[in-house]
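Work through the exercises below with the sequence and the model open beside you. Try each task before you read its solution.

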Amino acid sequence: PGNAGGTIYGLGSAFGSGLFLQGTGTLTFNLPGLSYAISDAIADATGSGASGADAGSWGIHAQGGSLVLGGNNTYSGATGIDNGATVEVNGTMTGTGITINPGGVLGGSGAAANVLNAGTVVPGNAGTPLGTLTAQIYDEVAGSTLRIAANAAGASALLNASGSADLHGKVHFDFSGGPAPGTTYTFLTVTGAITGSFSGYDSNMPSVFGQLVYLPHSAQFTVVANDLIFRNGFEISAFQGTCRFGAVTAAQFAAFPAQAIDGQPLCIPPISYTYSGETITGCQSPSTCAPTFPSFPGCLAVLRAQSGTLGGSLASGAYSVDTPVQIDPLSAPVTFSGPISGSCTMDFSGTAGRIVPVYDAEPDSLNGAYIYAMPSDAVNSLTTSQTGCGAISAYANFFLPYFEAQIAAAIESTAAPTLQQVGVGQTICPAP
């Protein structure tokens, strides 16, 4: 065949070293339900070096069935793929470009020309399902699909564009196994720029929940969760399965407040108490909290904290973290006036209690609790022992509660701003 405008129907696979076409026309393949493989190259006369009357340009029009192309196909015309037709490129394909119409499929692990996708592109083939299909420029329209085979370990098929890519369709993932949260797949790479974005993704595993990530020269998919609960909304009666990627355990979350405030310096402000005509004042000038708190009088102390216990429930919408705290032993200057007057140093030790931040929490539909605010905290059950200042030992037990109240106020005022930044935005899984 070599007439201008000529057409060949039902082309088979029995060729020698190649098929060279003279003239101008279109090779039309309409092979419903059948698959034909051409291992040798298809080249038009122009591609073979012909000139003048012998030169010509040929293209391929796939109307039905499956056409598998191997070899170095150098025909210079356009390629069209219609609804119900598949063209698999396992060699190379040049020409003016490939147009995939709705319902058409382009696949393979070879190199193709410019691709305009209004149907489906499937990198890889039956022998190499995680193979790479290379296009020059890849453009897709809304309603198109990029179909990617992937295993459970993070390997996937790849579409590589040696030029640019303009994205508007969706991505469909065919997983051969359930990927773990945190697994990342790079399924699109480009040498040039990526413009646009995918409209979304779906997969053969509806339990998989993830995020599409765009880098300057690639697109990735990171698995956030693989549990149907994640996709169907949170159900406390069915609390099970894999936690959301990035979530922490209850024990890890309960350690956050202590990690944030352990070692913080405190300035315990002056305390004054009167009992039976005796006025006792502690942590007053000349002692100050300098240099840590240069303009405040008081006693300088250090806060110690330990990992807490997480309490609360999803039903109540609140979590509390009961965090044990203590104060390093400190010596406080004390003055007293009344029946007995003078000054001394009172030693305080064993100061221990709990600070309890309360977080607002809500189920985040991803198998855990999402913390969105820390509205309050409180210091509870503070206890202290004291020695020294024997002259006023009779008054010491009455003085201690006021001293403890000042310590509690110092802990809360110092720790609260720090705690407000701790844990907010975090997901806890599993819930306690």
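**Exercise 1.** Determine whether serine 381 is buried or exposed, and describe its backbone.

*Solution.* Begin with the accessible area: serine 381 has a relative accessible area of 52%, and because exposed means over 50%, while buried means under 20% and partly exposed lies in between (1.4 Å probe, protein chains only), serine 381 counts as exposed. Next, find its place in the chain, which is in strand 33, residues 369-387; strands here are DSSP runs of E with at least two residues, helices are runs of H or I with at least four, and both are numbered from the N terminus. Finally, look at the backbone angle: phi of serine 381 is near 55 degrees, a positive value in a residue other than glycine.

Before going on, note that this is a predicted model, in which local features need pLDDT of at least 70 and side-chain atom pairs count only at pLDDT 80 or more, whereas totals for chains, interfaces and linings use all residues. Residues are numbered from 1 along each chain as its sequence is written, and side-chain values use heavy atoms, with hydrogens and water left out.

**Exercise 2.** Describe the phi angle, the place and the exposure of serine 276.

*Solution.* The phi of serine 276 is positive, about 50 degrees, although serine 276 is not a glycine. Its place is the loop between strand 26 (271-275) and strand 27 (278-282). With 52% relative accessibility, serine 276 counts as exposed.

**Exercise 3.** How many disulfides does a search of the whole structure find?

*Solution.* Start from the general idea that a disulfide is a covalent bond between the sulfur atoms of two cysteines. The criterion applied here is a pair of cysteine sulfur atoms within 2.5 Å. A search of the whole structure finds three disulfides, which the remaining steps take in turn.

Step one concerns cysteine 267 and cysteine 289, whose sulfur atoms are 2.1 Å apart, and whose link is right-handed, with 90 degrees about the S-S bond. Cysteine 267 lies in strand 25 (residues 265-268) and cysteine 289 in the loop between strand 27 and strand 28 (299-305), so the pair ties together parts that are 22 residues apart in sequence. Cysteine 267 counts as buried at 14% relative accessibility, and cysteine 289 is buried with a relative accessible area of 0%.

Step two concerns cysteine 283 and cysteine 299, joined by a disulfide with an S to S distance of 2.0 Å; this link is left-handed, with -105 degrees about the S-S bond. Cysteine 283 lies in the loop between strand 27 and strand 28, and cysteine 299 in strand 28, so this pair ties together parts that are 16 residues apart in sequence. Both cysteine 283 and cysteine 299 are buried.

Step three concerns cysteine 344 and cysteine 389, joined by a disulfide with an S to S distance of 1.6 Å, and right-handed with 110 degrees about the S-S bond. Cysteine 344 lies in strand 32 (residues 342-363) and cysteine 389 in the loop between strand 33 and helix 3 (393-419), so the pair ties together parts that are 45 residues apart in sequence. Cysteine 389 is buried, with a relative accessible area of 9%.

**Exercise 4.** How many helices and strands are there in the chain, and what percentage of its residues count as buried?

*Solution.* First, the chain has three helices and 34 strands. Second, 45% of its 432 residues count as buried.
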